[in-house]
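Got your viewer open? Here is a short tour, one selection after another.

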Amino acid sequence: MNRLIKLAIIDFYNGYPNEGMRCIKMLVDQFFENHQLEGHYDVIDVRDVPNFPKIEEYDLFISTGGPGNPIVRGEDWELNYAHFLKELLAYNEGHEIKKHALMICHSFQIMVQFFKLGLVCQRHSTSFGVMPVHMTEAGKNEVLFENLADPFYAVDSRDYQVIQPDEEQFKKIGAQILALEKIRPHVSFERAVMGIRINNEIVGFQFHPEADAEGMRRYFLQEDKRMAVIAEHGEEKLDDMLNQLEDEDKIKLTESVIIPKFLATATAQVLNLETA
């Protein structure tokens, strides 16, 4: 019998309607089924429930995106999340079998502030759609990016960004920038950071690696969302985004690579070390 793999999905959505949670659950279920693993996940609403997951009770963690202002203001749930990250670091320092964690969008921005790696601030305008993501030199050697082109394509949905990376702090903790947002030669704004690896176990992305074509198409075709995209970007841009959803080399590829590879890397370490 396989050893039960336990995953905590740390939910930042605060009850806000979204496609991200459905996609994460689907990818996790598919991974367990495809690899014939016994697995279980708990969804933990961090903004509503004061108790964060206990590090020792789970093998790995996925922390979601979510609505609202990500700039840390010292609310109780933010303090709890900081405590969770401290416990995760301490646990991994003291144990051979490490706990892996992946942070997405909103929780990526919280992670950046916890590690003091850069400035989280509001964008000049909302970034929303299927966007190219460019790898850094470190990103070209990133295990979670294997089989992706440079640039690869991902769903971007944010009003905030991470800029002004603190090089000294990156060096101090050994973190690496994995990816940057699309090149925009027509504007003078600094390119935002789209991916950071903290260490072998902790990684985060500004984009949504879980997003699938089904959910994005459903989102784009909601009347209010459709009209908002047309008003902001034009109908031609909307048609282009809808067409990109069906491209096997764009978000379908990204969805099939990053989170499944994260799950494979994390569970392999647990199972291999425990049976060694």
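Leaving aside its neighbours within four places in sequence, which residues is Gln-164 in contact with? Select Gln-164 and you'll find Leu-117, Gly-118, Leu-119 and Glu-190, contact meaning heavy atoms within 4.5 Å. Before you click on: this is a predicted model, where local features need pLDDT of at least 70, side-chain atom pairs count only at pLDDT 80 or more, and totals for chains, interfaces and linings use all residues. Residues are numbered from 1 along each chain as its sequence is written, and side-chain values use heavy atoms, with hydrogens and water left out.

Stay on Gln-164 for a moment. It is in the loop between strand 6 and helix 4 (167–173); helices (H or I, at least four residues) and strands (E, at least two) are DSSP runs, numbered from the N terminus. Gln-164 has 48% relative accessibility, so it counts as partly exposed (buried is under 20% relative accessible area, exposed over 50%, partly exposed in between, with a 1.4 Å probe and protein chains only). Now add Asn-2: its C-alpha atom is 45 Å from that of Gln-164, with the two positions 162 residues apart along the chain.

Next stop, the aromatics. Searching the whole structure turns up 13 aromatic pairs; rings of Phe, Tyr and Trp (its six-membered ring) pair if their centres lie within 6.5 Å, with planes under 30 degrees apart called stacked, over 60 edge-to-face and the rest tilted. Pick Phe-152 and Phe-207: this pair is edge-to-face, 5.5 Å centre to centre with 70° between the planes. Phe-152 belongs to strand 6 (residues 152–163), while Phe-207 is in the loop between strand 9 (202–205) and helix 5 (213–220), 55 residues apart. Both rings' residues, Phe-152 and Phe-207, are buried. Add Phe-205: its ring centre is 5.1 Å from that of Phe-207 and the planes are at 35°, so this pair is tilted.

For a bigger selection, try Phe-12, Phe-52, Tyr-58, Phe-61, Trp-77, Tyr-81 and Phe-84, which form one aromatic cluster.

Finish with helix 2 (residues 76–94) and helix 3 (residues 106–114), packed at about 70° with axes 11 Å apart. The axes are lines fitted to C-alpha atoms, for helices over the stretch in contact, and angles run from 0 to 180 degrees between N-to-C directions. To see the contact, show Trp-77, Tyr-81, Ala-82, Leu-85, Lys-86 and Leu-89 from helix 2, facing His-106, Ser-107, Ile-110 and Phe-114 from helix 3.
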